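Student: I should like to discuss the terms applied to this structure and the grounds for each. Could we begin with the pairing of strands?

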Amino acid sequence: MENQTRKKRVFSGIQPSGDLTLGSYMGAIKNWVTMQDEYDCVYCIVDMHAITVRQNPADLRRRCLEQLAQYLACGLDPAKSILFVQSHVPQHAELSWILGCYTQFGELSRMTQFKQKSQQHADNITAGLFTYPVLMAADILLYQADYVPVGEDQRQHVELCRDIAQRFNGVYSETFVLPEALIQRVDQGARIMSLGNPLSKMSKSDPDGCVYLMDPPEVIQRKFKRAVTDSETSVRYDKENKPGVSNLLTIYCAAAGKSLEEAEAEFAGQGYGVFKPAVGEAVAELLRPMREEAARMMKDKAYLEGVYREGAQRAGRLAQRTLDKVHRKVGFVAR
Ligand code: TYM
């Protein structure tokens, strides 16, 4: 009965391993905001995932708080959704250990993100980097999430999470809801590419190819004016042959709320000299109110603390319910 009446649950998170980017906003946060009215949403700042690669402690602490301010400024509302910091809810680490015992070494070895990151950080390939997807599965399964709104790059991790859940349910009977990744349409930002290299994903660790949510308008304009395109002049979507222009078109559509056809028609007969600043302008206008609001929020530390403390309490209660159930199923003695 409870299951029939309960709203579907949503869980997602972002690592505070760098400042929030336009990629994370378009691929994930934009979706998170609109889902708040229809679903029971839980959104996390996944600081435990961030330390899978080396972080400067002072920067990590600062970015966690800034990320919360930016979540709020983007429209996440603590009256509607649970907003919290992963390390404040110890059940994530606890469930992660248990799930690790139901995950195969081979499965983790196949994860694309692990392969990429172990190349990038070849001198520091830790066990944490390897088991990262198990912690992510724990994040999702603790809250019995039905949907996980993420960018295209996280699809494989959500699928692994589903496999782990299915395996556990198969061994011990129904325990976890099987989650489903919710990914934006391609033309609305499922995968935003780097402005400097349109063949690789826009990522927080690549300042030149990346637009940050807190970039002021003149910096945004400069980044778009320098964006890599091609030697033609026509503004049309052709991902194979014109990856740079196609990426800019996607960003324009997602920022201005237009379809690809509308955008192509708007720039028909106009060169990149008109197109690139127009994309910059659309993005600068999109981000301006968020940047201003986030800067205001950062001045009110007491408010931010109140939000994450209350969020951790609410999240902890939900998480403990699942963890108790898991402890019983695997055969741990009740405390
Ligand atoms: P992270 O921190 O790398 O990225 C956060 C979210 O933003 C999306 N994203 C993008 N979408 C489109 N284009 C881009 N260029 C782009 N860059 C990032 C990501 O797909 C993601 O949705 N493992 C996750 C964090 C995580 C998580 C979770 C997510 C930990 N636990 C549980 C969902 C559920 C990550 O590294 O995301």
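Tutor: Strand β2 (residues 40-45) and β3 pair in the parallel sense over four bridges. This is a predicted model, in which local features need pLDDT of at least 70, side-chain atom pairs count only at pLDDT 80 or more, and totals for chains, interfaces and linings use all residues. Residues are numbered from 1 along each chain as its sequence is written, and side-chain values use heavy atoms, leaving out hydrogens and water.

Student: Why are β2 and β3 said to pair?

Tutor: Two strands pair if DSSP finds at least two bridges between them; β2 and β3 have four, so the term applies. Ile 45, for example, has Val 85 in β3 as its bridge partner.

Student: What makes both faces of β3 covered?

Tutor: Ile 82 and Phe 84 on one side, and Leu 83 and Val 85 on the other, are all buried. Buried means under 20% relative accessible area (1.4 Å probe, protein chains only).

Student: Why is the approach of Asp 153 to the ligand called a polar contact?

Tutor: A polar contact is a pair of N or O atoms within 3.5 Å; within protein, one must be able to donate a hydrogen and the other to accept it, and residues adjacent in sequence count only if both atoms are side-chain atoms. A polar side-chain atom of Asp 153 lies 2.4 Å from a ligand oxygen atom, so the distance meets the cut-off. For Lys 204, a polar side-chain atom lies 2.9 Å from an oxygen atom of the ligand.

Student: Which elements each supply at least two residues of the shell around the ligand?

Tutor: They are β1 (9-14), α2 (22-35) and α8 (127-142).

Conventions. Buried means under 20% relative accessible area, exposed over 50%, partly exposed in between (1.4 Å probe, protein chains only).
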